[in-house]
Amino acid sequence: MTMVDEAGLARRLWIKFKHDSVFALYSPFFVSLASATLDSQTFRHFVSQDRHFLKAFALAYKMAEDCAGDDDDKVGIRALRKRVVQRLQLHDKLMQEWGLEVPDEGVSNDATTKYTDFLLATASGKVEGERVLGKIATPFEKTKLAAYTLAAVAPFIRLYAHISNEIQGILDPDDNGHIYKRWIDSFSSKDFEATALENEEMLDKLSIYLTGEELEILEKLYHQAMKLEVDFIFNSGLPIPQKDVVPLSRVHDFTDCHLTILCDFDLACTAFDSSAILAEIAIRTVPKTESHGSETQLVRLSSADLKSTWDILSTQYTEEFEQCVETIVTSEKVEGFRYEDLCKALEQLAEFERKANERVVQSGVLKGLSLEDIKRAGQALILQDGCRSFFQKTLKNENLKTDVHVLSYCWCSDLIASAFSSGDLNVLTVHSNELAYEELVTTGEIIKKLESPLEKLQAFNGILKGPCKSIEEEHKNLTVYIGGSVGDFLCLLQADIGIVIGSSSSLRRLGDHFGVSFVPLFSGLVKRQRNLAADEEGFSKWKPLSGTLYTVSSWAEIHAFILGT
């Protein structure tokens with residue numbers, strides 16, 4: 001069995017919609033299952049739905065086989081159907097082998113029915129977007145319908161294979177006491193992976209001759225199937241009679257508690273550093289300034305000189321920053337988590353950042369930028385996938401008392417404010433440096449407010465004192481800090497929950513030197529769920545200065561953890 005070509009349609013669709021799988025992985029069901037604390041009654045009800053899915057798969061494959069025009073395609077689809085029928089026949093036996101009580105088949109729940117109805121409607125030709133619903137009759141149209149059907153099945157199988165492998169990756173391979181290990185082993189097995197690949201390969205083959213419009217329909221079917229499966233997982237059976245750690249917005253009592261979310265901007269919300277964006281504005285607008293005969297052309301560098309100066313400043317900054325970090329980590333390594341030593345070490349960075357900013361001012365590269373151009377660039381700025389929607393849904397969540405703050409070394413608060421000006425995000429509060437203006441054109445000066453990790457921490461502490469009128473109220477404030485640079489380090493550690501997004505090697509090196517632990521968020525939540533279940537009082541509190549930071553690779557993980565679906 002060969003892997004699906006990275007360029008294959010099925011693989012491309014999985015990559016495009018893989019972020020949806022995060023919401024399933026971070027569901028209370030799978031966090032509890034991974035921690036072996038999931039209530040057995042809930043699990044049996046969940047497994048009982050397998051019969052309904054398998055029966056729907058078998059029928060859908062039979063209908064797809066009838067539609068396939070090529071004999072080889074019919075044989076391939078028939079083999080897929082045979083696998084499903086065999087698994088259906090062995091369902092009860094597998095439950096017994098896994099040491100689980102065989103559940104009653106019962107009735108399908110609403111989420112199960114939504115998916116199976118969608119699948120069978122697709123297989124029967126009731127496809128949204130087709131000109132004549134339910135009347136696909138020509139041989140080519142029938143083959144097309146077989147492709148649509150496979151697209152409605154593929155994400156279901158791939159999602160289970162992916163989630164089970166993610167869970168398998170955080171389990172102790174020598175721990176045979178995990179109550180759900182055999183279920184996890186089954187869905188992360190080579191045999192189940194082979195089923196997923198065969199389905200994807202058949203989907204690739206059937207879709208070769210589809211038109212662009214038909215491929216768009218197929219993509220929508222694939223995504224709809226994925227969303228319906230995630231919905232099933234989030235609504236999997238009976239309410240879990242236990243306390244959970246996810247999603248934060250539901251399990252934490254915000255009745256008398258304020259949620260404060262603080263976030264860095266450069267490379268946390270954005271894909272590019274803001275200094276590069278300001279450099280681009282400066283270089284791009286030189287010809288426009290000269291063509292208007294403005295007086296500012298007398299004090300501005302040429303495009304070539306600007307580019308050269310930016311390159312020199314950027315290279316010097318990178319080299320000196322790395323040297324500064326190297327100086328810190330080559331000192332004697334401390335034992336355990338030493339926050340005070342980290343603070344002292346980061347004072348070296350404070351002086352470095354101040355000198356670097358002064359060089360920028362002295363170079364004159366920030367002269368002559370119009371406020372209009374800066375705002376236009378900010379509005380056009382593409383944020384990291386999922387960042388904007390997370391903040392939008394957080395601020396609209398009626399169950400949360402939330403305020404959001406952006407803390408950044410960025411030289412221009414107007415750029416940040418413009419980036420968040422659309423989508424009801426103008427309520428975000430920006431804390432950063434500012435550019436000085438004369439008649440809406442920058443003078444080249446920076447109004448310096450945040451230049452070091454310590455100044456960011458001062459801003460962080462000042463924000464927390466805002467909504468809190470007393471020490472008692474301050475303890476009711478839950479803080480989440482999201483960042484990924486060395487400048488965020490102290491804020492990340494002082495927050496109740498520090499989330500590292502991105503992969504800053506300097507942050508990791510400094511963290512390792514001062515005893516900070518970096519734990520993948522999902523793995524950390526599974527551990528907390530396990531500890532929560534073992535706590536007789538059923539209580540677990542997030543605490544600052546724990547020495548542990550949680551790592552994520554996408555905003556989808558942050559969204560799933562805090563808000564759920």
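Here are four short exercises on the structure above, each with a worked solution.

The model is a predicted one: local features need pLDDT of at least 70, side-chain atom pairs count only at pLDDT 80 or more, and totals for chains, interfaces and linings use all residues. Residues are numbered from 1 along each chain as its sequence is written, and side-chain values use heavy atoms, with hydrogens and water left out.

**Exercise 1. The three-stranded sheet**

Work out the strand order of the open sheet of three strands, and find which strands stand at its edges.

*Solution.* Start with the terms: strands (E, at least two residues) and helices (H or I, at least four) are DSSP runs numbered from the N terminus, and two strands pair if DSSP finds at least two bridges between them. The order is E2-E6-E5, with antiparallel pairing. Strand E2 (367–370) and strand E5 (434–438) each have a single partner strand, so one side of each is left without a neighbour in the sheet. Next comes the turn between neighbouring strands, which averages 55°, direction ignored. For angles, axes are lines fitted to C-alpha atoms (for helices, over the stretch in contact), and values run from 0 to 180 degrees between N-to-C directions.

Now look at one pair in detail: E5 and strand E6 (residues 441–447) run antiparallel and are joined by four bridges. Within E6, Ile447 is the bridge partner of Glu434. Finally, add the helix: H17 (residues 371–380) touches E2, E5 and E6, and its direction makes about 55° with that of E2. Contact here means heavy atoms within 4.5 Å.

**Exercise 2. The seven-stranded sheet**

Trace the open sheet of seven strands from edge to edge, then place helices H23 and H25 on it.

*Solution.* Reading across, the order is E4-E3-E1-E7-E8-E10-E9, and the pairing is parallel. Strand E4 (429–431) and strand E9 (517–520) are the edge strands, each pairing on one side only. From one strand to the next, the twist averages 25°.

At the E9 edge, four bridges link E9 with strand E10 (residues 548–552), and the two run parallel. Pro520 has Thr551 as its bridge partner in E10. Helix H23 (residues 505–513) lies across strand E8 (497–501), E9 and E10, at about 125° to E9. Helix H25 (residues 555–562) touches strand E1 (258–263), strand E7 (477–483), E8 and E10, and its direction makes about 155° with that of E8.

**Exercise 3. Backbone details in loops**

Locate the cis peptide bond that joins Val246 and Pro247, and describe the positive phi of Ala36 and of Leu267.

*Solution.* The Val246–Pro247 bond has an omega of about -15°, and Pro247 sits in the loop between helix H12 (212–234) and helix H13 (248–251). Ala36, not a glycine, has a phi of about 65°; its loop runs between helix H3 (28–34) and helix H4 (40–48). Leu267, also not a glycine, has a phi of about 65° and lies in the loop between E1 and helix H14 (274–291).

For exposure, buried means under 20% relative accessible area, exposed over 50%, and partly exposed in between (1.4 Å probe, protein chains only). Ala36 is partly exposed at 31%, and Leu267 is partly exposed at 47%.

**Exercise 4. A helix pair**

Describe how H5 and H6 pack.

*Solution.* Helix H5 (residues 50–67) and helix H6 (residues 71–89) pack at about 160°, with their axes 9 Å apart. That makes H5 roughly antiparallel to H6, a label for angles over 145 degrees. Residues in the contact include Leu54 and Phe57 in H5, and Ile77 and Leu80 in H6.

Notes. Parallel < 35°, antiparallel > 145°, perpendicular 65-115°, else oblique.
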